[in-house]
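Work through the exercises below with the sequence and the coordinates at hand, and try each task before reading its solution.

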Amino acid sequence: MKKLLLLYLAMTISSLVVSQNPLVTHIYTADPTARVFDGQLYLYPSHDVVPPADLKNPPRFCMPDYHIFSLENGNTWRDHGVVLDQNEVPWGAKNSYGMWAPDCIKKGNKYYYYYPASPEDGSAFRRIGVGLSNSPTGPFKWEKNYIDGVSGIDPGLLLDDDDHAYLFFGGGHELYVAPLAENMKAITQKPLLIEGLPAGYKEGSFPFKKDSVYYLTFAHVFADEGYTIGYATSDSPMGPYTYQGKIMDNIDNGTNHHSVVKYKDRWILFYHWWDISGQNKLRSMRADYMEFKPDGTIRKVTPTLRGINTPTLGDTIQIDRYSEIKGAETAFVGGNEPKGWMVCETHMMSYVGFNRVNFGSGEAQKIHARVSCGQRIGSYEVRIDSPKGPLVATFNAQYTGGWNKWITQEAPVENKIEGIHDLYVVFKADWGSTKVVNLNWLVIE
Ligand code: FUB
């Protein structure tokens, strides 16, 4: 029953529809701060919108509010809705659309959400405010005033092992750090300019600690390359720091704001790109695995479509975010389907592979496939481990009303399959030039 409900939700409610990279497609999300609280992964991003038609002089980034997401099941991001609207900021200017990158941290049993906004008093470009909650998804009680002595963007929080917290922030050629008071609502000394960082525009400070080393990661602009993600290390949270190099090269994304988290024993880099919109002010969150070398330095991360996560029964497998493809292509989905991509140009013996799918303990019974098809011949097979590996299910190509008309086909799982496997969809046709189907997603049930 639970699985049926998950399947139903995954297929029908946009706030639960999943994809690999980008992580969500029903709204634009940027500046993802990832946090693990009590074993659960949460995302605290900002929210890009298309400027409302009646907004005079829209700002460069049009950002009205914040949503919070949590990872449910193996691959499903739940949108918990708006946690703070720009016009609810007690000290904020109204309708300023300037809700830039936030962060959230847990100390004791309380969650502290830090965010930048334009102050009503006009005292700075951005001030940083804080809200408190008993839950990682709110509701938060917003402090009446911004944090005195702090002006700037992109709060990044570090809670040290001794329970002392530090607020990193800033955007421009300088980044700053200040220790936070016990109550997390004030700083205890004037912000310190972080020493040891390379020249050039910087923003998006995200600090973390690993094996007694303090890592400060930040977006960093090279005049001849554009936005990169770089990092520096120190043996003290307040620095000085030593620049260690890039975590991600420029990926032609206008900005690149990120966070780093360890989840289920793997390190993950969250960042953003503009996959869906084609515009770098309407961004979408992404994530890829990140690795450390034995000496503690970070291997550069290459962005992928496949991203992270291990989809399991009931999750939507957005197969066009493949880990391997041969003889087929991907393109934006057409017709009435929600925003996203499909596998297309699927000719005889072309295939698409999607690694790390969790089949559970052998209870999978059916596979649902979302397809469109403008012809009546051929078939496609789901296999595991390799394109010629064990057969899981076979679907016959079925005319759906045209290449832009979508239906959900269903086929029984033919063998008992347990655990995590790479999944392949292999397309078969009578002769070479026949296109079999357009394939949007699969759900194993
Ligand atoms: O999203 C608005 C701003 O763009 C962020 O605060 C910066 O880090 C950059 O991503």
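**Exercise 1. Locate Pro240 and describe the peptide bond that leads into it.**

Solution. In this predicted model, Pro240 sits in the loop that runs between strand 15 (226-234) and strand 16 (242-248). The next step is the omega angle of the bond from Gly239 to Pro240, which is near 0°, and the bond is cis. A cis peptide bond is also found from Asn21 to Pro22, where omega is near 5°. Pro22, too, is a loop residue, placed between helix 1 (2-12) and strand 1.

**Exercise 2. Determine where Asp38 and Met184 lie, and decide for each whether the residue is buried or exposed.**

Solution. Begin with the backbone: phi of Asp38 is near 50°, a positive value in a residue other than glycine, and phi of Met184, likewise positive, is near 70°. Asp38 belongs to the loop between strand 1 and strand 2 (40-48), while Met184 belongs to the loop between strand 11 (176-179) and strand 12 (192-193). For the accessibility step, Asp38 has a relative accessibility of 65% and therefore counts as exposed, the cut-off being over 50%. Met184, with a relative accessible area of 0%, is buried.

**Exercise 3. Examine the salt bridge between Arg35 and Asp103, and state which parts of the chain the pair ties together.**

Solution. The closest N and O atoms of Arg35 and Asp103 are 2.8 Å apart, which meets the criterion of within 4 Å. Because Arg35 lies in strand 1 (residues 28-37) and Asp103 in strand 5 (residues 103-107), the pair ties together parts that are 68 residues apart in sequence. Both Arg35 and Asp103 are buried.

Next, take the pair Glu410 and Lys366, whose closest N and O atoms are 3.7 Å apart in a salt bridge. This pair links strand 28 (residues 402-412), which holds Glu410, with strand 25 (residues 366-373), which holds Lys366, across 44 residues. Lys366 is partly exposed, at a relative accessible area of 30%. Over the whole structure the search finds 22 salt bridges, and Glu225, Lys246, Asp249 and Lys300 are joined in a network of such bridges.

**Exercise 4. Arg127 is buried yet has no salt bridge; find which side chain of opposite charge is nearest, and which polar contacts Arg127 makes.**

Solution. Arg127 is found in strand 7 (residues 127-133). The nearest side chain of opposite charge is that of Asp121, 5.2 Å away. Turning to polar partners, the side chain of Arg127 makes a contact of 3.1 Å with the side chain of Ser123, and a polar atom of the Arg127 side chain lies 3.2 Å from the backbone oxygen of Val150.

**Exercise 5. Characterise the surroundings of the ligand, first by residue class and then by contacts to its oxygen atoms.**

Solution. By class, the shell comprises four nonpolar, three polar and four charged residues; among its members are Phe61, Trp100, Thr255, His257 and Glu203. For the contacts, a polar side-chain atom of Asp31 lies 2.5 Å from a ligand oxygen, and an N or O atom in the side chain of Asp154 is 2.5 Å from an oxygen atom of the ligand. For Arg283, the corresponding distance between a side-chain N or O atom and a ligand oxygen is 2.7 Å. As a last step, consider cover: the ligand on its own has 280 Å² of accessible area, of which the protein covers 99%.

Methods:
Residues are numbered from 1 along each chain as its sequence is written. This is a predicted model: local features need pLDDT of at least 70, side-chain atom pairs count only at pLDDT 80 or more; totals for chains, interfaces and linings use all residues. Side-chain values use heavy atoms; hydrogens and water are left out. A residue is near a molecule or strand if one of its heavy atoms lies within 4 Å of it. A polar contact is a pair of N or O atoms within 3.5 Å; within protein, one must be able to donate a hydrogen and the other to accept it, and residues adjacent in sequence count only if both atoms are side-chain atoms. Accessible areas come from the Shrake-Rupley method with a 1.4 Å probe; for residues, only the protein chains shown count as cover. Ala, Val, Leu, Ile, Met, Phe, Trp, Tyr, Cys and Pro count as nonpolar, Asp, Glu, Lys and Arg as charged, and the others, Gly among them, as polar. Helices (H or I, at least four residues) and strands (E, at least two) are DSSP runs, numbered from the N terminus. Buried means under 20% relative accessible area, exposed over 50%, partly exposed in between (1.4 Å probe, protein chains only). Lys and Arg count as positive and Asp and Glu as negative; His and the chain ends are not counted.
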